[in-house]
Amino acid sequence: MDTEWRPSACVLCACNCGIEIRLDGRRFERIRGDKAHPSSQGYTCEKPRRLDHYQNGVDRLTHPLRRRPDGTFEQVTWDTAIAEIAARFSAVRDAHGGESIFYYGGGGQGNHLGGSYSGAFMRALGAKYRSNALAQEKTGLFWVSDRMLGNTVSGDFDHCEVAVFFGKNPWQSHGIPRARPTLKEIARDPDRFMIVIDPRRTETAELADIHLQLRPGTDAWLLAALAAVLVQEGLIAHDWLATHAVGLDEVRDVLRSVPVAEYCEISGVPEGLVRGAARRIAAAASVAVFEDLGVQMTLHSTLNSYLDNLLWLLTGNFGRPGTNNPPILFAPLISFSHHGPKRDRFSPVAGARIISGLVPSNVVAEEILTDHPRRYRAMLVETSNPAHSLADSKRMREALGALDLLVVIDVAMTETARLADYVLPAPSQFEKWEATFFNLETPANYFHLRPPVLDPPPGTDLLPEPEIHARLCEAIGALNDDQVRPLREAAERGRAAFAEAFLAAISDPDLAKVAPVLLYRTLGPTLPGGAAAAASLWAQAVKVAMAHPDAVRRAGIDGEGLELGDRLFDAILANPSGVVFTLDEPGVGWDRLGTPDKKIHLALPDLLEELRTLGSGPELRPEFPFVLSAGERRAFTANTIFRDPAWRKRDVAGVLRVSSKDAADLGLSDGSLARVTTKRGSVEATVEITDTLQPGHISLPNGLGLSYPGETGEVTTGAAPNELTASEDRDPYAGTPWHKHVPARVEALA
Ligand SMILES: Nc1nc2c(c(=O)[nH]1)N[C@H]1C(S)=C(S)[C@@H](COP(=O)(O)OP(=O)(O)OC[C@H]3O[C@@H](n4cnc5c(=O)[nH]c(N)nc54)[C@H](O)[C@@H]3O)O[C@H]1N2
Ligand SMILES: Nc1nc2c(c(=O)[nH]1)N[C@H]1C(S)=C(S)[C@@H](COP(=O)(O)OP(=O)(O)OC[C@H]3O[C@@H](n4cnc5c(=O)[nH]c(N)nc54)[C@H](O)[C@@H]3O)O[C@H]1N2
Ligand code: SF4
Ligand SMILES: [Mo]
């Protein structure tokens, strides 16, 4: 056994806590939190201790695979796979144009480095459309934040007086650094306060000072009532808004006429509690907010995001410690366009709004299953499992099957890989250089480049994603040796010579398209420890240093201009436990507003109109009397990253949670079997009776329903939530799904 502790990160949620791994041969013998990690500081939850089930899954891919006409797969060499894939994508482009080639994924919870190279191949092919999971959760928020702020914000939960969680259960889902100690600290401190808006009495709600336990799907009414109380009771930050915001009159006009008592009644929350919460928010020196899937995947989700933003903006909780501040992104995970030269774009078939460059996940099937001449005909899927994670899996399978070409890059034989024409195997996230671009913290922000912990398994033939993208670019003739050679020579002479040569090279627009793989092929080989995959980070480090030199210097990195960027890049390479790459001082938020006038834009006319005509609350049809939350985060869920069901110590098959009143009415008992039926499908699940749920509300976990090799063949464990969801049940602005509000019925099974 090896006694060395090797630094890495947990890949199971966006926090990416630093961990240390001790190996026993190829097994992860022990895992502990890495105290040297600047953000997590040794903290982890219970899940990463099970990471061996990801690393050593028996359905790991071992060789490139090609589909035979009979549907089975055969092993092929990389040369064959790359040559054929390049030829087939090129043929689709020649016949139907590059825009008929669609890209999905590019990063999971822990890996974005590989995806930073994929744009090169896609641009070289002339592809225009892409998407990923952010387009089924965050795009509504991005759209309103872009229009209001020209940026997005993160709550500062380390320093806030009042913490507000809208449809977010950080005790289980994390999303803030050291979530559990942070929540306990807020709950324990008599001067601090926590407000949770959630129909379920979650672990987080248990810690809250005020739990607004609304009826599912009534957030728009509750949030409107909260905002209306601020206006009607004169609690808004008048002077601050007069200096910093425009559009207050329009907003005030609408909120003045909101019938607070009636809206509280619709949401099922006592009016006194709603007024109390609004007053506490208004009285606080600082308020930090986090909204997540509970509001982003339910009815009126984009309006909900708008009202959430109004709550903290009307009370002046922006741009100070303990409030909400725009982070410095290390890499362009999110893009904003509304206030720039670009205008809203729409998908070619469904005409769905493209936000932050992403086509809504819910329209992907519609963009394929049509005879429309501009339909998507070929697709590259990387580090994502859309056949399982997108709404209406049945229709997604049909759509993926209808493509002329589907190529999947993954580590495991996923539901999506099974449908592919070619499956390309990548090393696990512990067998290569990796990094996450979920760098969204303020005032200190972190970047963690992880060196490999072990080699790929012997006897396998795997290639890291940057190498796959580079070979694909070369195979279609987008990059050749003559273009690479001079830059490689310049890189040998040093960074300054390289920078000059690189900038000159990318003045050629065709080379600019493939810039990341050009870096990988030229700067890459000069990087220490085989860190070629980190080459794309150099360009990002230089950009961050140019745009935010003071924040980089406050993080302890010296220099000016290009040299500052180089040193930041070197610091990243030299710190296997992660680095603070920027540190903000109070007030910088104002410089980061992306609005042309550097003001906050409070009034969004379309959403104010929706607010004005909100109606009297959601209604259910008699055949589907329950609201199903399809995809709840629990102690033993982690998207589809773990495929081996044995990783779960409890709740192995993902119980259906039901309130005790409903259980009694339906004749269900703890551990009994029930059938859940929606307009799209039907699944069976074991019942757990809980009084954390209100009558009429049921929930199933996310990430279940994966098939995995068992002793006598493939076994599917638990119910896949998207067998029950419908792609047309989505937000009208952002196209995000209503997975938390799936009308359903429940029956007892013998
Ligand atoms: N353990 C675990 N952690 C994870 C993940 C995981 O798979 N497992 N996945 C990660 C990912 S990808 C994400 S995006 C995050 C998501 O993190 P969260 O958004 O916190 O997770 P959810 O449990 O899906 O939903 C949050 C809450 O929404 C509530 N809710 C349901 N309906 C409504 C409603 O109508 N209104 C309101 N206000 N609330 C409602 C639910 O009761 C639930 O408590 O978690 C991340 N962390
Ligand atoms: N009904 C319902 N559906 C949902 C949700 C819900 O709450 N309800 N939640 C949605 C949300 S918020 C999210 S984020 C999505 C998540 O769904 P997806 O975007 O599909 O992502 P994951 O399930 O995280 O899958 C990650 C994939 O990456 C692969 N992988 C792991 N490591 C590597 C690597 O190093 N390289 C490569 N190439 N691949 C790798 C894994 O094997 C897995 O196939 O699901 C969404 N779907
Ligand atoms: S909080 Fe997230 S990143 Fe941290 S250990 Fe838990 S699952 Fe992993
Ligand atoms: Mo997510």
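This is a short conversation about ligand 2 and the domains in a predicted model.

Student: What makes the pair formed by ligand 2 and the side chain of D410 a polar contact?

Tutor: A polar contact is a pair of N or O atoms within 3.5 Å. An oxygen atom of ligand 2 sits 2.6 Å from an N or O atom in the D410 side chain, so the pair qualifies.

Student: Why do I409 and A630 count as well, with their backbone atoms?

Tutor: The cut-off is again 3.5 Å. From a nitrogen atom of ligand 2 to a polar backbone atom of I409 there are 3.2 Å, and for A630 the corresponding value is 2.6 Å; therefore both are polar contacts. Taken alone, ligand 2 exposes 930 Å², and the protein buries 96% of that.

Student: How do you know which parts of the protein supply the shell around ligand 2?

Tutor: Strand 18 (405-410) and strand 25 (626-632) each give at least two residues. By domain, at least three residues come from domain 2 and at least three from domain 4. The shell residues divide into ten nonpolar, 13 polar and six charged.

Student: What makes domain 1 and domain 2 partners in a contact?

Tutor: Contact means heavy atoms within 4.5 Å, and here 22 residues of domain 1 and 23 residues of domain 2 take part. The centres of these two domains, taken over C-alpha atoms, are 25 Å apart.

Student: Why is an area quoted for such an interface?

Tutor: The accessible area lost when parts come together is often used to give the size of an interface. Between domain 1 and domain 2 about 1800 Å² is buried, with 61% from carbon and sulfur atoms.

Methods: Residues numbered from 1 in each chain as written. Chains lettered and ligands numbered in written order. Predicted model: local features only at pLDDT ≥ 70, side-chain atom pairs only at ≥ 80, totals over all residues. Heavy atoms only, no water. Polar contact = N/O pair within 3.5 Å; in protein donor to acceptor, adjacent residues only side chain to side chain. Areas by Shrake-Rupley, 256 points an atom, 1.4 Å probe, with all protein chains shown as cover. Helix = DSSP H or I, 4+ residues; strand = E, 2+ residues; numbered from the N terminus. Nonpolar A, V, L, I, M, F, W, Y, C, P; charged D, E, K, R; others polar. Domains from an automatic or database assignment. Buried area = accessible area lost by both parts, 1.4 Å probe.
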